[in-house]
Amino acid sequence: VKNIKAFFVALLLFGVTVLGCHLFISNREDLNNPEFSTWSAEEKSQNRSALMANLNEESIPVFGSSEFQHGTDSPYHPASVFAETSFNPMLIGAGYYQSLSHAITLASIEPAMTQRKAVLLISPQWFRKTGVVDQAFASRFSETLYQGMLENEKLSEETRNYICERTHQLLQVDTKTLDRVLQYENITLNNEESAAGFFDMIWSCFLVEKENFTLTALTIRDGIHAGEGVVQTDYEPDWEALLAQAEEEGEQENQNQFYMDPDQYALLEPYLSKKEGINAGAVNSYQKSPEYDDLRCFLTVCQELDIEPMLVILPVNGFYYDFTGFPQEARDKYYEKVRSIAEEFGAQVADFSDQEYTKYFFEDRVHLGKKGWVLVNESIYGFYNQDTEDEA
Amino acid sequence: LKWPGWLEMMKALDEKHPKLSFWGRVAGFYFLMMVLFLYFMLANLSSAPKFVYTQF
């Protein structure tokens, strides 16, 4: 009897603790802090409710991959450049987030978007023969975002089917998640009302709570607390000054053949002898890839949801790619293919393919560095202002 | 302390320190519930092979 009594008292205390946690987490979901937008933790990109809660009237989702996690402490990263402005680019992505997962995310968070614009930073490395790697896709897959995509009624059946089929293919390496995905589809698309629907609802609540639990811990760790919303200011970044600063810093730091950051060059240097000419036969690289169809899918999602996209075509580090023998012709053909897809969908393009040989554009072989970030940020900011000008 | 050991210890305290024994039981049950809660909150639900960044 004593044990039972103690158990129920413990249960009561446990209930109070869980409720307290829930209330604390719920209060921190909408941080109303522009720092959250440019915060580059990967967990943010998987959390539908936090992304939606933190999109405001000055937010544009900026989809990309690992570049967001590079140079976060530099004065050229979006987190620094846009900190003083009223613009809140919502950075979404990490390594191996590619067109398909971004299409799912966009369709999922679209109901919360005030600005009907989206930016996609496209890396050439996405367009390898395999497209997105299945294990990578599975490791970045978010069930809550996928459920949100399924619930978006503005998506056409054809587009939704494409996303579902690709997801099924790629989740073959994660059968447990695939089973749950199939169940969500049955419940959401086939209106299967049964006990499964009830359990799905409970499960969804658990997933949201679980994601928010992790995210709350991370925001506390990284010092992102509740803020006061959009910064009301006319301040605009001085792009010319930033570019000059990047150039000057580069001249002081980067004394290597690829004009990378010195610490990144130091990591690469021991392997250089193995890399020389290694890609000389890659004449067809980046030419055939399922990623092209995934990119079309992303643009179709934009069209169907009435969102204006801008594709940022990121180049490769020309100095390094030449060193490995990667043919210029293959690179040029790749850029042309992306441009033609953008044209097919009437998407705006910020084309940096002519910056392959711009010194200090890259931090390493592929990631944006000082000048790269300045130029890309400027293009994104221009796109944002274009939007507000049009509305005015 | 293992589960039976902890309960046995509380039982032994029953006569001399009944209140301590009771709250000891409560603390034990509470601890177990919190462990379960944290396990579910932090569990990796994916059965995908561990993704190694440098693998590709």
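Is Glu253(A) buried, partly exposed or exposed? At 36% relative accessibility, Glu253(A) counts as partly exposed, on a scale where buried means under 20% relative accessible area, exposed means over 50%, and partly exposed is whatever falls in between (1.4 Å probe, protein chains only).

A word on the ground rules. This is a predicted model, in which local features need pLDDT of at least 70 and side-chain atom pairs count only at pLDDT 80 or more, while totals for chains, interfaces and linings use all residues. Residues are numbered from 1 along each chain as its sequence is written, chains are lettered from A and ligands numbered from 1 in the order in which they are written, and side-chain values use heavy atoms, with hydrogens and water left out.

Chain A comes first. Its secondary structure amounts to 18 helices and five strands, taken as DSSP runs numbered from the N terminus (helices are H or I, at least four residues; strands are E, at least two). The radius of gyration of chain A is 23 Å, close to the 21 Å that the globule rule gives for 392 residues, so chain A is as compact as a globular protein of that length. Here the radius is taken over C-alpha atoms, and the globule rule is 2.2 Å times the number of residues to the power 0.38. Along the principal axes, the C-alpha atoms of chain A fill a box of roughly 75 × 50 × 40 Å. Of the 392 residues, 55% count as buried. Contacts (heavy atoms within 4.5 Å) in chain A reach far along the sequence: among those between residues at least 6 apart, 83% join residues at least 24 apart.

Helix α8 (residues 143-151) of chain A has eight of its nine residues buried, so this helix is largely enclosed by the rest of the structure. The buried set runs through Glu143(A), Thr144(A), Leu145(A), Tyr146(A), Gln147(A), Gly148(A), Met149(A) and Leu150(A). A loop residue, His77(A), also counts as buried, at 1% relative accessibility. His77(A) sits between β1 (59-63) and α5 (78-81) of chain A. Leaving aside neighbours within four places in sequence, His77(A) is in contact with residues including Thr38(A), Glu67(A), His70(A), Trp373(A) and Asn377(A).

Now for the charged pairs. Over all chains, a search of the whole structure turns up 17 salt bridges, each being a side-chain nitrogen of Lys or Arg within 4 Å of a carboxyl oxygen of Asp or Glu. One of them joins Glu247(A) to Lys371(A) at 2.5 Å, N to O. That pair links distant parts of the chain, with Glu247(A) in helix α12 (residues 239-253), Lys371(A) in helix α18 (residues 370-391), and the two positions 124 residues apart. Glu247(A) is partly exposed at 29%, whereas Lys371(A) counts as buried at 12% relative accessibility. Lys370(A) and Glu253(A) form a salt bridge too, at 2.9 Å, N to O. Lys370(A) lies in α18 and Glu253(A) in α12, so this pair ties together parts that are 117 residues apart in sequence. Lys370(A) is buried, with a relative accessible area of 5%.

Within helix α17 (residues 328-344) of chain A, Arg339(A) and Glu336(A) are three residues apart, about one turn of the helix. Their side chains meet in a salt bridge of 2.7 Å, N to O. Arg339(A) is partly exposed at 27% relative accessibility, and Glu336(A) is partly exposed at 43%. Elsewhere, Glu110(A), Arg116(A) and Lys154(A) are linked in a network of salt bridges.

The interface is next. Here 35 residues of chain A are in contact with 28 residues of chain B. The two chains bury about 2,800 Å² between them, 71% of it on carbon and sulfur atoms; buried area is the accessible area (1.4 Å probe) that two parts lose on being put together, summed over both. The count of salt bridges between chain A and chain B is zero. Six residue pairs are in polar contact across the interface, both residues at pLDDT 80 or more. A polar contact is a pair of N or O atoms within 3.5 Å; within protein, one must be able to donate a hydrogen and the other to accept it, and residues adjacent in sequence count only if both atoms are side-chain atoms. On the side of chain A that touches chain B, α1 (2-29), α7 (134-140), α10 (175-189) and α11 (195-221) each supply at least two residues. The largest share, twelve residues, comes from α1(A).

In chain B, Leu13(B) lies in helix α1 (residues 3-13) and is partly exposed at 21%.
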